Amino acid sequence: MHTPSYLTAQQLETWLTILGHIEQATVIAATAEAYGRTEGYALGLYRAGVITAEQRDELVSVAMGKQAERLNALEAAEE
């Protein structure tokens, strides 16, 4: 799992928890909601000046990849 070194321990714990919600989603709507939370958290960190725009983009990219993996798994389970 992606562990960005630029986050504090508390921020990292929050990030991994939110990211984990994507992996635990059992329906497509829950996956989208969890992804939205990760994107919002990354944006909040950026707006607070905690991370750079590049770091925000990296976090969002990781979340997007996790969402794609989960959506693929959910769609395969439906078949």
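These legends accompany close-up views of the salt bridges in a predicted model.

**View 1. The salt bridge between Lys-66 and Glu-23 links distant parts of the chain.** A search of the whole structure finds 3 salt bridges, and one of them joins Lys-66 to Glu-23, with 3.2 Å between the closest N and O atoms. Lys-66 belongs to helix H3, which covers residues 53–78, while Glu-23 belongs to helix H1, which covers residues 9–24, and the two partners are 43 residues apart. Lys-66 counts as buried because its relative accessibility is 18%, which is under the 20% limit for that class. Glu-23, on the other side of the pair, has a relative accessibility of 32% and therefore counts as partly exposed.

**View 2. Arg-37 and Glu-33 form a salt bridge within helix H2.** The side chains of these residues, Arg-37 and Glu-33, meet at a distance of 2.6 Å from N to O. Both residues lie in helix H2, which covers residues 28–47, and they are 4 residues apart, or about one turn of the helix. Arg-37 is partly exposed, with a relative accessible area of 44%, and Glu-33 also counts as partly exposed, at 45% relative accessibility.

**View 3. Asp-57 and Arg-56 are partners in a salt bridge.** In this pair, the closest N and O atoms of Asp-57 and Arg-56 are 3.0 Å apart. Asp-57 has a relative accessible area of 42%, so this residue is described as partly exposed, a class that lies between the 20% limit for buried residues and the 50% limit for exposed ones.

Note on methods. Residues are numbered from 1 along each chain as its sequence is written. This is a predicted model: local features need pLDDT of at least 70, side-chain atom pairs count only at pLDDT 80 or more; totals for chains, interfaces and linings use all residues. Side-chain values use heavy atoms; hydrogens and water are left out. A salt bridge is a side-chain nitrogen of Lys or Arg within 4 Å of a carboxyl oxygen of Asp or Glu. Helices (H or I, at least four residues) and strands (E, at least two) are DSSP runs, numbered from the N terminus. Buried means under 20% relative accessible area, exposed over 50%, partly exposed in between (1.4 Å probe, protein chains only).
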